There are 2 protein chains.
Amino acid sequence: MPHAEMNAGAGVTGPSPWDQAVDRIRAGGLRWTPQRRTLIEVLREREGHVTATELIARCRERDQTTTPSTVYRTLDLLEDLGLVRHGHGHDGREEYHILPQEVHGHLYCVGCGTTWELRPETGAVIVEALASQLGFSVDLSHVTISGRCAGCHD
Amino acid sequence: MPHAEMNAGAGVTGPSPWDQAVDRIRAGGLRWTPQRRTLIEVLREREGHVTATELIARCRERDQTTTPSTVYRTLDLLEDLGLVRHGHGHDGREEYHILPQEVHGHLYCVGCGTTWELRPETGAVIVEALASQLGFSVDLSHVTISGRCAGCHD
DNA sequence: GTCCGGGCCGCAATGTGTTGCAATAGCGAA
DNA sequence: TTCGCTATTGCAACACATTGCGGCCCGGAC
Ligand SMILES: [Mn+2]
Ligand SMILES: [Mn+2]
Ligand SMILES: [Zn+2]
Ligand SMILES: [Zn+2]
């Protein structure tokens, strides 16, 4: 029995989006390079959020010659493919959502420094308010809202 | 008739918050310096929003020796006094609200690159939603929400 | 007017992100 | 396999923001 068949029967989940990355990249006339492979290897080991700085460090563990500009440019590419999505922390620094499934934003408390995810259910109010009042469709994932959490009032 | 009396009778508006800055600074045991004077002179000529970069340039017009770090540190001080308030543009760069009267946020359209103010009336929905659902009190002025405007849908 | 303590400045280094450019190297075609 | 087009890389320079530190100077005391 071939491997492909065994794998197909092993679960209902399809192939990881990362597995398709190489084909999707080449399909666009773009090229599959060692640098891109390294970054994707790093990304597929993580989930949730990462800063670009941390990604650069992890890439450098695997390939000492990693260059920041290449990583940033590859992240732009992966964002075009929808494999990552960047936002900005409270201080404006970039953060990447890995394989963003449900779009969510972030809340940051200036009192205690904690960050929470702003779930779509809660964010929906914001999205709907701006849509109905201004015809503006919000991209929650790009936003970090600052303020004070329940435990840090005044 | 002394000048003070003439000025007092000239209008109903109180003194500009900038006029009190020097006293408020010294009252805290802090010092009134030429560098701080220069920045405040620049700020009192403008209203609305400014980037730190532009403030540095304007200061340098008056004083060629202006240094970025001093401007940034003075902006921090003025923010503590409530005379300015910083937020972040869609790309994370700092923007300053000068003499923030009503707190407002910003909307940025990724389609056409336009920025709008998010008026308190509209922002109120956001503030209230997060307050009631999460006990989180939002600081709208620190936020730029990205998305697409009515004219740029899909 | 002089002195003195400590707040402030300028500098240099660091962190983070972007961009132009010349050389390299994918990859499809022959 | 080799060739050639061009996407991509690495570098250097730049833009923006923050921080530690040594020396300066503001401003209250006398
Ligand atoms: Mn900020
Ligand atoms: Mn952004
Ligand atoms: Zn808190
Ligand atoms: Zn638009």
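Helices are DSSP runs of H or I with at least four residues, numbered from the N terminus. With that convention in place, the present structure, which is a predicted model, can be followed from a single helix outward to the salt bridges, the chain interface and the metal site.

In helix 3 of chain B, which spans residues 34–44, B:Glu41 and B:Arg37 are four residues apart and therefore separated by about one helical turn. These two residues form a salt bridge in which the closest N and O atoms are 2.6 Å apart. B:Glu41 is partly exposed at a relative accessible area of 22%, and B:Arg37 is likewise classed as partly exposed, at 46%. A comparable arrangement occurs in helix 4 of chain B (residues 52–62), where B:Glu54 and B:Arg58 are also separated by about one helical turn, being four residues apart. Their side chains meet in a salt bridge with an N to O distance of 3.3 Å. Both partners are partly exposed, B:Glu54 with 24% and B:Arg58 with 31% relative accessible area.

In chain A, the side chain of A:Glu54 meets that of A:Arg46 in a salt bridge of 3.1 Å, N to O. A:Glu54 counts as partly exposed at 24% relative accessibility, as does A:Arg46 at 29%. A network of salt bridges links A:Arg37, A:Glu41, A:Glu45 and A:Arg62. Over all chains, the whole structure contains 20 salt bridges.

The interface between the chains presents another picture: no salt bridge is found across the boundary of chain B and chain A. Twelve residue pairs are in polar contact there, with both residues at pLDDT 80 or more. On the side of chain B that touches chain A, the elements giving two or more residues are strand 4 (105–109), strand 5 (115–118), helix 6 (120–134), strand 6 (137–138) and strand 7 (144–148). Helix 6 of chain B gives the most, with seven residues. By class, this side of chain B has 16 nonpolar, twelve polar and three charged residues. The area buried between the two chains is about 2400 Å², and carbon and sulfur atoms give 69% of it.

The manganese ion (ligand 2) has as its protein donors the NE2 atoms of A:His86, A:His88 and A:His142, at 2.1 to 2.3 Å. The donor residues follow the spacing H-x1-H-x53-H in sequence. A:His86 lies in strand 2 (residues 84–88) of chain A and A:His142 in the loop between strand 6 (137–138) and strand 7 (144–148), so this pair ties together parts 56 residues apart in sequence. A:His86 is buried at 18% relative accessibility, and A:His142 is buried at 11%.

Note on methods. Residues numbered from 1 in each chain as written. Chains lettered and ligands numbered in written order. Predicted model: local features only at pLDDT ≥ 70, side-chain atom pairs only at ≥ 80, totals over all residues. Heavy atoms only, no water. Donors = N, O, S within 2.8 Å, 3.2 Å for Na, K, Ca; no water. Buried < 20%, exposed > 50% of the residue type's maximum accessible area, 1.4 Å probe, protein only. Buried area = accessible area lost by both parts, 1.4 Å probe. Salt bridge = Lys/Arg side-chain N within 4 Å of Asp/Glu carboxyl O. Polar contact = N/O pair within 3.5 Å; in protein donor to acceptor, adjacent residues only side chain to side chain. Nonpolar A, V, L, I, M, F, W, Y, C, P; charged D, E, K, R; others polar.
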